[in-house]
Amino acid sequence: MTFAPGHLLAGLGTGLCGGLLSGLFGVGGGIVMVPLLGLVLHLDQHRAQGATLAAMLLPTGLPAVLQYRSRGIHTSLRLVGVLVLAFLFGIYGGSLVANRIPSEPLRWGYAAFLVLLAFKTFFRHEPAPVDRTLEPLDLSTGLWSAGVPIGLLAGVVSGLTGLGGAVVVIPLLASRFRMTQHEAQLTSLVMLLPPIGLPGVYVYAKAQGGLPWGVIAGVAVGFAVGALGGARVATRIQGVKLKQTYAVIVLLMALLVAFRGR
């Protein structure tokens, strides 16, 4: 596609929406950015997914991470390291598979995945609140045995869908390590700080003959601004309400993806 000033503005708006969701829910923002890039700029499913992954290469979630930390919410850098290492292998494989699937079936598969995610998130049982001053995060068992599969699965899902992998990471961390919703979201955001999507971006750019880099620049800037605002709101909302709101937004994005081609 040829670049126009309107594309930069569209990228800024899309990134702002994605950043708000990222700060609020700890996700990469692809859930809203992929459908909006398709709707506003008419990018096909492959280019929209590749552009979303590319926009996440910069540490655009840093303002949100700092906001979570300022509210006394913490995570484990050891666990993040294990998750990132496994993620790199998963996203490469997932991206290779995605670019061998025609755009229309990929779009419908993406929409179906979002519907499933919305219902599982809405009805997911929340663990009892944890007081970290009395019960520190326990990584004595499961750091590698659970961290590697979670990171690998997140990478495969990210490569296939263009999402940041948080849709897998957050619920699995909450259940396996008894993290609170806020702790799991912070862990997901910290994972996004290094350019973990680079293997996937390489595969998408090569398979699609390049990506719309002007749009991607706008998305990255908008995302950083939105993530800070979203994080400020998230740290003041109960985890259950965050989860339910997130599920509703995911379902709306699934409908947008499914019907945008009609």
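Where does His42 lie? In this predicted model, His42 sits in the loop between α2 (30-41) and α3.

**Backbone angles**

His42 is not a glycine, yet its phi is positive, at about 60°. With a relative accessibility of 68%, His42 counts as exposed. Arg178 is another residue other than glycine with a positive phi, here near 55°. Arg178 is placed in the loop between α8 and α9 (181-191), and its relative accessible area of 34% makes it partly exposed. As background, most residues other than glycine have a negative phi.

**Salt bridge**

How many salt bridges does a search of the whole structure find? The search finds 1. It joins the side chains of Arg107 and Glu104, with an N to O distance of 2.3 Å. Both residues belong to helix α6 (residues 103-122), and because they are 3 residues apart there, about one helical turn separates them. The two partners can be set side by side by accessibility. Arg107 is buried, at 7% relative accessibility, whereas Glu104 is partly exposed, at 41%.

**Cavities**

The structure holds 2 cavities of 30 Å³ or more. The table gives the volume and the make-up of the lining for each.

| Cavity | Volume | Nonpolar lining residues | Polar lining residues | Charged lining residues |
|---|---|---|---|---|
| Largest | about 90 Å³ | 7 | 8 | none |
| Second largest | about 80 Å³ | 7 | 2 | 2 |

The largest cavity is lined by 15 residues. Leu53, Met56, Ser158, Gly164 and Leu192 are the lining residues that lie nearest its centre. The elements giving two or more residues to this lining are α3 (45-55) and α5 (77-98).

The lining of the second largest cavity includes Phe25, Leu117, Thr121, Arg124 and Gln181. Ala166, Val167, Ile170 and Pro171 also line the second largest cavity, as do Lys243 and Tyr246. At least two lining residues come from each of α6, α8 (166-176) and α12 (239-259). Which element gives the most to the lining of the second largest cavity? That element is α8, with 4 residues.

**Nonpolar core**

In soluble globular proteins, nonpolar side chains tend to be buried together. The largest nonpolar core in this model has 77 residues. Those that touch the most other members are Ile31, Leu37, Leu79, Leu114, Val167, Leu173 and Phe177. Helix α5 gives the most to this core, with 8 residues.

Ile31 shows how distant parts of the sequence are brought into contact. Neighbours within four places in sequence aside, Ile31 is in contact with Tyr110, Leu114 and Leu117, and with Leu163 and Val167. Its other contacts are Tyr246, Val250 and Met253. Among these partners, Leu117, Val167 and Tyr246 also line the second largest cavity.

**Val168 in helix α8**

Val168 is found in helix α8. Is Val168 buried or exposed? Val168 is buried, with a relative accessible area of 10%. Which residues is Val168 in contact with, leaving aside its neighbours within four places in sequence? They are Ile150, Leu153, Ala154 and Val157. One of these, Ile150, is 18 residues from Val168 along the chain, and the C-alpha atoms of the two are separated by 7.3 Å.

Notes:
Residues numbered from 1 in each chain as written. Predicted model: local features only at pLDDT ≥ 70, side-chain atom pairs only at ≥ 80, totals over all residues. Heavy atoms only, no water. Salt bridge = Lys/Arg side-chain N within 4 Å of Asp/Glu carboxyl O. Buried < 20%, exposed > 50% of the residue type's maximum accessible area, 1.4 Å probe, protein only. 1 Å grid on protein atoms, 1.4 Å probe; cavity = no way out; pocket = protein on both sides within 12 Å on 5 of 7 lines; lining within 4 Å. Points joined across faces, edges and corners; volume = space filled by probe spheres on them. Nonpolar A, V, L, I, M, F, W, Y, C, P; charged D, E, K, R; others polar. Core = buried A, V, L, I, M, F, W, Y, C linked by side-chain atoms within 4.5 Å. Contact = heavy atoms within 4.5 Å.
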